[in-house]
Amino acid sequence: MDNDLDQALGAVGPRLRALRRQRETTLADLSATTGISVSTLSRLESGTRRPTLELLLPLARAHGVTLDELVDAPPTGDPRIHLRPVTHHGMTMLPLTRRAGGIQAYKLVIPAGSRRKEPDPQTHEGYEWMYVLNGRLRLVLGEHDLVLAPGEAAEFDTRVPHWFGAADAEPVEFLSLFGKQGERAHLRARPTAKHPPGQPG
């Protein structure tokens, strides 16, 4: 029993690191959200700090997962996913999958009137697929500047510099699948018209 417990707790660190990287969150961001120091978070992820309930509860809340997922508890047979929204940089993410690793599904919501930001394209390993449900989503992908309307989808290699946000002041809702499996990018959207700096895209 003790060996099983040690194995379960030993697996928490890599799972915490995978969840944080998957959400592109820094240790400093996570520290600000949870109130747990950066050094403690780092030691938890590396496995040099034993996880406790007091540490795991705020981390599970911040990552939008259950405690069962963090400690890899056996499934109960209930397939329902209890959505726990996570707000990050003004955008609300609803995880639609329960397990860390593999392909992850999310519903993302950018609220109306969100402050428009200058695109800051980033790169990371993996592939992403997006499908717009409502509103207009601006996607900057490499040299392309695109607007996706409801019913339009984009799929791309995330090693290509990319950024997304609301195309206007209206709310945007879209689905996202992210994983390390996938195909090369193909897009079905039209480029935005060029606008002077500071004007809506």
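**Exercise 1. Identify which residues helix α3 exposes and which it buries, and what the buried ones pack against.**

Solution. Start with the face of α3 turned away from its buried side: this face carries the exposed residues A32 and T33. Exposed means over 50% relative accessible area, buried under 20%, and partly exposed in between (1.4 Å probe, protein chains only). Helices (H or I, at least four residues) and strands (E, at least two) are DSSP runs, numbered from the N terminus. The model is predicted: local features need pLDDT of at least 70, side-chain atom pairs count only at pLDDT 80 or more, and totals for chains, interfaces and linings use all residues. Residues are numbered from 1 along each chain as its sequence is written, and side-chain values use heavy atoms, with hydrogens and water left out.

Next, take the buried side. Helix α3 spans residues 27-34, and its buried residues are L27, L30, S31 and T34. Viewed down the axis of α3, these buried residues fall within an arc of 105°, so they line one face of the helix. The arc is that of the directions from the helix axis to the C-beta atoms. The background is helix geometry: an α-helix has 3.6 residues a turn, so residues three or four places apart point the same way.

Then find the partners. The buried residues of α3 pack against α2 (12-22), α4 (38-46) and α5 (53-63). Just after α3, G35 takes a positive phi of about 80°.

**Exercise 2. Describe the surroundings of S31.**

Solution. First place the residue: S31 is in helix α3 and is buried, with a relative accessible area of 16%. Second, list its contacts (heavy atoms within 4.5 Å). Leaving aside neighbours within four places in sequence, S31 is in contact with I36, S37, V38 and L41. Third, look at the polar atoms: one in the side chain of S31 lies 2.7 Å from the backbone oxygen of I36.

**Exercise 3. Locate the nonpolar cores and the elements that build the largest.**

Solution. A nonpolar core is a set of buried Ala, Val, Leu, Ile, Met, Phe, Trp, Tyr and Cys residues joined through side-chain atoms within 4.5 Å. The largest has 18 residues, of which L108, I110, L137, L139, L148, V172 and F174 touch the most other members. At least two residues of this core come from each of β2 (91-95), β3 (104-110), β4 (127-134), β5 (137-141), β6 (144-148), β7 (153-157) and β9 (172-179). A second, separate core holds 15 residues, including L19, L30, L41 and L59. In this second core, L30 is one of the buried residues of α3.

**Exercise 4. Characterise three salt bridges by distance, position and burial.**

Solution. The criterion is a side-chain nitrogen of Lys or Arg within 4 Å of a carboxyl oxygen of Asp or Glu. The structure holds six such salt bridges.

- R20 pairs with E45, the closest N and O atoms being 2.6 Å apart. R20 is in helix α2 and E45 in helix α4, 25 residues apart, so the pair links distant parts of the chain. R20 and E45 are buried.
- R136 and D168 meet at 3.0 Å, N to O. R136 is in the loop between β4 and β5, while D168 is in the loop between β8 (162-166) and β9, 32 residues apart. R136 is partly exposed, with a relative accessible area of 31%.
- R159 pairs with D157, with 2.7 Å between the closest N and O atoms. R159 is partly exposed at 45% relative accessible area, whereas D157 is buried at 4%.

As a last step, check for shared partners: salt bridges join R17, R20 and E45 into one network.

**Exercise 5. Classify the aromatic pairs.**

Solution. Rings of Phe, Tyr and Trp (its six-membered ring) pair if their centres lie within 6.5 Å; planes under 30 degrees apart count as stacked, over 60 as edge-to-face and the rest as tilted. A search of the whole structure finds two pairs.

W129 and Y131 are stacked, at 6.1 Å centre to centre and 10° between the planes. W129 is partly exposed at 28% relative accessibility, and Y131 is partly exposed at 30%.

F164 and F174 are edge-to-face, at 5.6 Å and 80°. F164 lies in strand β8 and F174 in strand β9, ten residues apart. F164 is partly exposed at 21%, whereas F174 is buried at 0%.

Note on methods:
Polar contact = N/O pair within 3.5 Å; in protein donor to acceptor, adjacent residues only side chain to side chain.
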